[in-house]
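This report sets out the structural features of the model shown below. It proceeds from the overall arrangement to individual elements and residues.

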Protein chains: 2
Amino acid sequence: MTPFKLTDELLAEIKQLIENQSDASLQSLLEEVHFADVAEIINELNKEEATYLIKLLDSDKTSDILTELDEDVREGILGNLSSKEIAEELEELDTDDAADIVAELPQEIVQEVISEIEDREHAKDIVDLLRYDENSAGGLMAKELVKVREDWDVLTCVKEMRAQAENVTRVHSIYVVDNEDKLKGRLSLKDLLTTSTKTHISEVYIPKVDSVNVNEKPEEVAKIMSKYDLEAIPVIDEIGRLVGRITIDDIVDVIKEEADKDYQLAAGISQDVEADDSIWDLTRARLPWLILGLFGGAAAAVIMGGFEEMFRRYTVLFLFTPLIAAMAGNVGVQSSAIIVQGLANDDIKGSIGDRLIKEMLLALLNGVILAALLLLFTWIWKGDFLTALAISISLIAVIIVAGFIGTFVPLFLDKRGIDPAIATGPFITTSNDIFGILIYFLIAKLVLGI
Amino acid sequence: MTPFKLTDELLAEIKQLIENQSDASLQSLLEEVHFADVAEIINELNKEEATYLIKLLDSDKTSDILTELDEDVREGILGNLSSKEIAEELEELDTDDAADIVAELPQEIVQEVISEIEDREHAKDIVDLLRYDENSAGGLMAKELVKVREDWDVLTCVKEMRAQAENVTRVHSIYVVDNEDKLKGRLSLKDLLTTSTKTHISEVYIPKVDSVNVNEKPEEVAKIMSKYDLEAIPVIDEIGRLVGRITIDDIVDVIKEEADKDYQLAAGISQDVEADDSIWDLTRARLPWLILGLFGGAAAAVIMGGFEEMFRRYTVLFLFTPLIAAMAGNVGVQSSAIIVQGLANDDIKGSIGDRLIKEMLLALLNGVILAALLLLFTWIWKGDFLTALAISISLIAVIIVAGFIGTFVPLFLDKRGIDPAIATGPFITTSNDIFGILIYFLIAKLVLGI
């Protein structure tokens, strides 16, 4: 399989075909293209072109395309569709995807759109899903699943399952519930393939099944599913009733979003932005961290101003402030990154105290090696051993403190229930710059006996 | 479901039970614990305790436990097992997991272990998998899959499938091949549930199926599977023959590893390490980047040394070098992170030129806002408008250059086929420190007319 590649030529051709209203050519050109790839194309079109294509193609394909589009593009297209047209798209979608789209619609048209959905069961399921917090298992789950009652015989069961399976894209597991809809266990598809059709459900079902509560956080669901290699997990409500099912494709999205978010926070980008977003969106995501850095730099300048006298006599000390600040920043980012990642992967065991002692030892080891190199360099360059020694000893102290801050702050935030990822990147580099420079001058002053 | 939590008490209890050789208590204690959780426990035991537990528990559970263990722990345990015992574990595993373990065994015992595997088909499949590069689709795939021939009738097909399904944990799709084993299409499980058993294969199969070549990179497979929401993908060799299948659980691991690697590179950690690794491993992963930072800092010191004369007259300029270096670093990291992430997600469209112009505009916008703040601060603090102006204008120039470097370097590396993630973090901050300081002094000199 050759991955689809959106070229400028293809895009120009499609824009031309839309302008010429060459419907037949467009349909045959896009017929073999996967909906995820058509979504990529539509993301590059303007609102009118995009709407034209959506109205032209079959609703079983366009509904899937809609779920894959960038949010602003989708919003633009839906604004051009009637409530009936939107309802037709929702009809084709699984309840979780449909509910996500309904949640984005302007409040005033939601009721009308829902009332236009012909399949009333489907409409009811979508409305049910709307009441769950987006940031919970309930907000991730779909209503589509295959479930059988433990008191059914296999014949009823197979008949019911066939009907249910029609609405479910991927069956995965057959869940077994009691007469109050409480989750009891599961039947595996493999069992279905390999067991005689005469058997009774209560005799063959597996009474153990992993499930998550409807209020569980998506990151927790992701951890459970990836740790236990699950491809689908049933969701139960507060009294154990089976209310939905989460599939691994949604979890893959959660894992990628979490990773992207942590990566962006570490780089000092505070909102979910992409390279193709507007300059304004990118500025809003980046500027606050830069302003933090500016304040930090101003604080460092004020601190250094306090040492101006020393500075006139030992100019060489000042030449190394960027080095000291950079090392403090680098060590801090390394320490905090490894803690943030460890927390995300549940790898951090033992007490904060042990962790800090380990980081101190690590910083000491790195610090001594780096200080030795710096000592040699400065001594050779400036020919003044005492100053070189003062700078090097300060470097060790700065690295140890930077490692301490980088380790302690994310652990502390995590204990307080705050996302430790915000403590990486600019936050750590800025605070370490300030502490680093202060420690540097204080220790240098001490060693040089000024 | 309450997620399993490994407590110090539980660990102490297990260690005690092992010491007392209380086999029955251990078995009943661990019976209900998921293998992934038992692996977590064993990771905390010493080699002898771990081996004791592995020998005690059933091999259908211990084989799965082995795949989940940390590599060094697994190596220790396998070193304590005989070739026959290892073969028994491999017997229970899917071929991909078994091949991964065999690949870790010392070369001299591989042949003996393989020869002890009773199921010769299984042994042959494992050996087949050993020849694929770990970093390819072939290295990820398993041999377990369900395939039927297009010229079979449904009765033969169902009979064969039942036999095959016995060896396959999750069926997903039924692949259709021709008489040369070339992949032709698929039968969906849903079709199987909803189609009459009288139908002929060639009439019902779907002649379109996504597949990947055996030499494809794991990251590409991950992109394809997550973009198209696939839960399993067949792997074909150079002439189109079906040779294996990759399932989404392996891809989830690939996605997490990729994200972890990029995150660590951005933080200046060059090898795959975890918070619980030894101080030595952590040092090897971190020290090289710190040495790079040290060289950068030394270069900055030399550059600043060249401006010593200016510095005696305009001391205030020097107070702001940490601020300038920090801003250059922050902007560089932001720009490079968004490019690296965009490249990883295939979000980057258009030419490098357009991208650079956009980043310049963004840097200009941010730069002007930040420079205005800095101008105010410095003017008020030092009461010297011209100096404040010089520093602020320099800041704008530094931010623009930093944005340029941060955008250009990863795009350039990517074009050259080098992982752009290495250009984030310490690499960008160090080079931006140097360029930033140089630009700062040059422009300040110009503005002040020195």
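The following sections describe the relation between the chains, two sheets, a buried helix and selected residues.

**Relation between the chains**

The model is predicted. Chain B can be superposed on chain A with an RMSD of 0.1 Å by a turn of 180° with a shift of 0.0 Å along the axis. The two copies are thus related as by a two-fold rotation axis. The same surface serves both copies, since 99% of the contact residues of chain B recur in chain A.

One residue with contacts across the chains is A:Thr315, which lies in helix H19 (residues 315–319) of chain A. Apart from neighbours within four places in sequence, A:Thr315 is in contact with B:Glu308, B:Phe311 and B:Arg312. A:Thr315 has a relative accessible area of 7% and is therefore buried, the cut-off being under 20%.

**Annotated regions of chain A**

In an unreviewed entry, UniProt lists "domain: CBS" for residues 141–203 and 205–261 of chain A. The UniProt annotation "transmembrane region", also from an unreviewed entry, covers residues 287–307, 314–340, 360–381, 388–413 and 425–448 of chain A. The table gives computed values for some of these stretches.

| Residues of chain A | Helix | Strand | Separation of end C-alpha atoms |
|---|---|---|---|
| 205–261 | 42% | 23% | 41 Å |
| 287–307 | 90% | 0% | 30 Å |
| 425–448 | 96% | 0% | 33 Å |

**The sheet S1-S2-S3 of chain A**

Three strands of chain A form an open sheet in the order S1-S2-S3, with mixed pairing. Strand S1 (146–149) and strand S3 (183–188) of chain A stand at the edges, each with a single partner strand, so one side of each is left without a neighbour in the sheet. On average, neighbouring strands of this sheet are turned by 35° against each other, direction ignored.

S1(A) and strand S2 (residues 173–177) of chain A pair in the parallel sense over four bridges. A:Lys147 has A:Tyr175 in S2(A) as its bridge partner. Helix H12 (residues 154–165) of chain A packs on the sheet and touches S1, S2 and S3 of chain A. The direction of H12 makes about 155° with that of S1(A).

**The sheet S4-S5-S6 of chain B**

In chain B, an open sheet of three strands has the order S4-S5-S6, and its pairing is mixed. Strand S4 (212–213) and strand S6 (242–247) of chain B stand at the edges; each has a single partner strand, so one side of each is left without a neighbour in the sheet.

Strand S5 (residues 232–236) of chain B is joined to S6(B) by five bridges, and the two run antiparallel. Within this pairing, B:Ile236 has B:Leu242 in S6(B) as its bridge partner. Helix H15 (residues 218–227) of chain B packs on the sheet, touching S4, S5 and S6 of chain B, and its direction makes about 135° with that of S5(B). B:Ile233 stands opposite B:Ile246 in S6(B). The hairpin of S5(B) and S6(B) has five residues between the strands, and in it B:Gly240 takes a positive phi near 85°.

On the other side of the pairing scheme, two bridges join S4(B) to S5(B), which run parallel. Here B:Val212 stands opposite B:Val235 in S5(B).

S5(B) is mostly covered, with five of its five residues buried. In a regular strand the side chains alternate between the two faces of the sheet. B:Ala232, B:Pro234 and B:Ile236 point one way from S5(B), whereas B:Ile233 and B:Val235 point the other way.

**Helix H4 and B:Val33 in chain B**

Helix H4 (residues 47–56) of chain B contains the buried residues B:Glu49, B:Ala50, B:Thr51, B:Leu53, B:Ile54 and B:Leu56. Their cover includes helix H1 (8–19), H2, H3, helix H5 (59–68), helix H6 (71–79) and helix H7 (83–92) of chain B. The N-terminal end of H4(B) is capped by B:Asn46, of which a side-chain oxygen lies 3.1 Å from the backbone nitrogen of B:Glu48.

B:Val33 is placed in the loop between helix H2 (23–31) and helix H3 (35–43) of chain B. Is B:Val33 buried or exposed? With a relative accessible area of 16%, B:Val33 is buried. Not counting residues up to four places away in sequence, B:Val33 touches B:Phe4, B:Val38 and B:Lys61. B:Phe4 is 29 residues from B:Val33 along the chain, and their C-alpha atoms are separated by 8.3 Å.

How values were computed:
Residues are numbered from 1 along each chain as its sequence is written. Chains are lettered from A and ligands numbered from 1 in the order in which they are written. This is a predicted model: local features need pLDDT of at least 70, side-chain atom pairs count only at pLDDT 80 or more; totals for chains, interfaces and linings use all residues. Side-chain values use heavy atoms; hydrogens and water are left out. Copies are superposed by least squares on the C-alpha atoms of residues with pLDDT of at least 70 in both. Contact means heavy atoms within 4.5 Å. Two strands pair if DSSP finds at least two bridges between them. Axes are lines fitted to C-alpha atoms, for helices over the stretch in contact, and angles run from 0 to 180 degrees between N-to-C directions. UniProt positions are given in the numbering used here, feature names are shortened, and annotations may be inferred rather than shown by experiment. Buried means under 20% relative accessible area, exposed over 50%, partly exposed in between (1.4 Å probe, protein chains only). A polar contact is a pair of N or O atoms within 3.5 Å; within protein, one must be able to donate a hydrogen and the other to accept it, and residues adjacent in sequence count only if both atoms are side-chain atoms.
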